[in-house]
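Colleague: I am new to this structure. Could you show it to me and take some questions?

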Amino acid sequence: MTEFWVSSGHHLTQRTEGGGLAVTDELILAYLARPELVPPEEACAAERALHASLLADPRRTVAGNEIKDIADADARENWEVMLAFRERLLTARSVEAAYLALVRGGLQGVPGLFLTQLVHLILRNALDGCEDPFVLRAAELFFRPQRVSLHEGAVLLADAEVIEAREGGAPLSPLVSMLGKEAASELDVLNEENAWTYWSRSDAFTMALNLGSSAPSREGLARAIEAFVRHLLNAEVAVAPLAQLEDPDWRWFVGLDAEGTRVGNALWRGEALDEATRERVIAVFSLTFADPAQVDPRVGERPVYLLLAMSPDKTVQLKPQNLIVGLPLASDRAAA
């Protein structure tokens, strides 16, 4: 089995009997090593003592006065957020169950960074054994914002953080010129010829994805969605890419991002989309459940449509939690 996404931290966890990931001391220690929590040189004695004690015992109970005694207000807030998050992890039977509880609870007080880290880790578990680089690169959309470029029928997606970090140098190729400037090396668009190189760079996020004219890329995102839903909601679904939404009797949709939700709501209300808005829709999928008994009767055997759209500034931030709360399940499904 080929390794990928070491940066997800999956090596810090253990798989439970149900197939989920157990919350281990090593996983909590990884959060304690984050720069927001490592006490700086000027930190007070109370903050240093708290951090050191948790490094020694990541699961220990923290008294309220230990937080109140920290002098810096920002540090107190960081610790309050972290300890509340740790509590949600420790009280859940798995990382997956904790994620579902957070999403269904409305995500109040959960930093977006923590949420995307959980998604990265969960998808690494859900896709364990996957040997298709197109599926894995497409799955990066679940936890890595993308910058989009439209060029001669291609909808090219590149990692936004990689592009932004490397902007400032001279452009090295037309692709880099469109997506941004990369100082170290050129971005390759994933294709059949270079797919083998994905394994050595899966944690660098330096391959662009052609979501427009590349059938394997669109199928890859479909397979990633299926794996995510199967793993977290215990529901078998079939996802298929569509050229456009042409169903006069559509019953349900899920926006895969904020812009996709906005577009879907407008269509649901019967509003006509202007050309600029239509061009921002970069992917449409149909999703059908293998077992109609799992589905809200209002939908039944009809497909659910999934819409992915870029923002006006040509970025895509897929929100996987929309699948959890938006799919028309007859009842809440439990994770492993």
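Colleague: Is T197 buried or exposed?
Modeller: This is a predicted model, where local features need pLDDT of at least 70, side-chain atom pairs count only at pLDDT 80 or more, and totals for chains, interfaces and linings use all residues. Residues are numbered from 1 along each chain as its sequence is written, and side-chain values use heavy atoms, with hydrogens and water left out. Buried means under 20% relative accessible area, exposed over 50%, partly exposed in between (1.4 Å probe, protein chains only). T197 has 15% relative accessibility, so T197 counts as buried.

Colleague: Where is T197 placed?
Modeller: Helices (H or I, at least four residues) and strands (E, at least two) are DSSP runs, numbered from the N terminus. T197 sits in the loop between strand 5 (188–189) and helix 10 (198–201).

Colleague: Which backbone oxygen lies 2.7 Å from a polar atom of the T197 side chain?
Modeller: The partner is a backbone atom. That oxygen belongs to N194.

Colleague: Where is confidence lowest?
Modeller: pLDDT is the predictor's confidence in each residue, from 0 to 100. The protein chain averages 89. Helix 7 (residues 133–139) is highest, at 98. The lowest mean, 43, is in helix 9 (residues 174–179).

Colleague: Which helix gives the largest share of the largest nonpolar core?
Modeller: A nonpolar core is a set of buried Ala, Val, Leu, Ile, Met, Phe, Trp, Tyr and Cys residues joined through side-chain atoms within 4.5 Å. The largest has 92 residues, and Y99 and I225 are among those with the most contacts inside it. The largest share, 9 residues, comes from helix 11 (residues 215–233).

Definitions and conventions: Polar contact = N/O pair within 3.5 Å; in protein donor to acceptor, adjacent residues only side chain to side chain.
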